[in-house]
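Subject: Structure for you to look at

Hello,

Here is the structure I said I would pass on. My notes on what turned up in it come after.

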Amino acid sequence: MHTQTSHDWRIPTAFWWIVAACILAYSWQHLAAQTPPAQSAQTSAASADLSSLLSKVDETSQSAALDIARLRIEKWKADSADKQQAQANADSVQRNLTAALPGMTGAVRNAPQDLAATFKLYRNLNALYDVMKTLTEASAAFGPKQDFQILAPYADAIDGYRRNLADYMEMLAVSKDAELARLRSQNRTAQSAAATKKVIIDDNSPAPKKVTKKKSAKPASPTKNQQ
């Protein structure tokens, strides 16, 4: 018969909390190694596509910056105000292509899983496309045909890049959500393990002896005096 001795709780409760903390730390550090193969392959393919996309963005930005610098906006058939606006847009696009954009693509290339860096690049491509589209439309309205033919492909390319980047961001967000769900599940498992208290049964411990209380003897009745 198994009986619980007075030493059942042999391991302090604090020990189990230390074990739980170690399990949580291990879960965070080794989560990548526990990623399902299918998801890992999908992430690798998406990263390869992103690398190709970033290379195209860099090549397009360098080529576009050179072609925009060659525009003769002052010769466009437009009034002074429209020419000034078109020139301001061209200068803005050039600054973005040569100064801002390379740093952003470099940041995403160095940390492809960084959602904040990716979103910063996406937002910049949106703003760049808006100005580039306006400049292209102005070239169609006021400039020579060749200027429009030069600018239009760049505007279309930037539009495509931002759409592709949006698709990558969606995939990355889904991956982050799955990662968070795994962490929460592991955390609940660790907490459950820490909350389980271990009771040790000593099989070699002798069974407690049954103590029988002795009944106290009744006092003898006094003898009656015989008459």
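Helix α3 has 31 residues, and the distance from its first C-alpha to its last is 44 Å. That span is close to the 45 Å expected at 1.5 Å a residue. Even so, α3 has a kink of about 40° at L101, shortly before the proline P102. Please keep in mind that this is a predicted model.

Which residues of α3 are buried? They are A86, N89, A90, V93, N96, L97, L101, M104, T105, G106 and V108. L101, where the kink lies, is thus one of the buried residues of α3.

The overall layout

The protein chain consists of 227 residues, of which 30% count as buried. It has five helices and zero strands, and along the sequence the pattern reads α-α-α-α-α. Among contacts with a separation of 6 or more, 81% are between residues 24 or more positions apart.

The nonpolar core

As background, nonpolar side chains tend to be buried together in soluble globular proteins. In this model the largest nonpolar core holds 35 residues. The members that touch the most other members are I68, L97, L121 and M132. At least two core residues come from each of α2 (37-69), α3 (80-110), α4 (115-142) and α5 (145-195). The largest share, 10 residues, is supplied by α5.

What does I68 touch, if neighbours within four places in sequence are left aside? Its contacts are A90, V93, Q94, L97, M132 and L151. Of these, A90, V93 and L97 also appear among the buried residues of α3.

Q94 is in helix α3 too, but Q94 is partly exposed, because its relative accessible area is 23% and the limit for buried is under 20%. Apart from residues up to four places away in sequence, Q94 touches A65, I68 and A69. The C-alpha atoms of Q94 and M132 are 9.9 Å apart, with the two positions 38 residues apart in sequence numbering.

The cavity

How many cavities of 30 Å³ or more are there? The count comes to one. The largest cavity has a volume of about 30 Å³. Its lining is made up of V57, T60, S61, L97, L101, L125, L128, I158 and Y161. Two or more lining residues come from each of α2, α3, α4 and α5, and α2 gives the most, with three. Two names recur here: L97, listed above among the core residues that touch the most other members, is in the lining, and so is L101, the site of the kink in α3.

Three further positions

T118 and N126 both deserve a line, and D79 gives a contrast.

- T118 is found in helix α4. Is it buried or exposed? T118 is buried, because its relative accessible area is 0%. Leaving aside neighbours within four places in sequence, T118 is in contact with V108, P112, L165, Y168, M169 and L172. V108 is itself one of the buried residues of α3.

- N126 is in helix α4. At 18% relative accessibility, N126 counts as buried, since buried means under 20%. N126 lies 32 residues from I158 in sequence, and the two are 8.4 Å apart in space, C-alpha to C-alpha. I158 is one of the residues that line the largest cavity.

- D79 lies in the loop between α2 and α3. With 45% relative accessibility, D79 counts as partly exposed, because that class runs between 20% and 50%. The C-alpha atoms of D79 and F142 are separated by 9.4 Å, although these residues are 63 apart along the chain.

If you open the model, L101 is a place to begin: the kink of α3 lies there, L101 is buried, and L101 is in the lining of the largest cavity. After that, I68 can be looked at together with its contacts, among them L97 and M132.

Regards

Key
Residues are numbered from 1 along each chain as its sequence is written. This is a predicted model: local features need pLDDT of at least 70, side-chain atom pairs count only at pLDDT 80 or more; totals for chains, interfaces and linings use all residues. Side-chain values use heavy atoms; hydrogens and water are left out. A nonpolar core is a set of buried Ala, Val, Leu, Ile, Met, Phe, Trp, Tyr and Cys residues joined through side-chain atoms within 4.5 Å. Buried means under 20% relative accessible area, exposed over 50%, partly exposed in between (1.4 Å probe, protein chains only). Helices (H or I, at least four residues) and strands (E, at least two) are DSSP runs, numbered from the N terminus. Contact means heavy atoms within 4.5 Å. The expected span of a helix is 1.5 Å times one less than its number of residues. The bend at a residue is the angle between axes fitted to the seven residues ending there and the seven starting there. On a 1 Å grid over the protein atoms alone, a cavity is a set of points where a 1.4 Å probe fits but cannot get out, and a pocket is an open set with protein on both sides within 12 Å along at least five of seven lines; lining residues have an atom within 4 Å of a point. Grid points are joined across faces, edges and corners, and a volume is the space filled by probe spheres set on the points.
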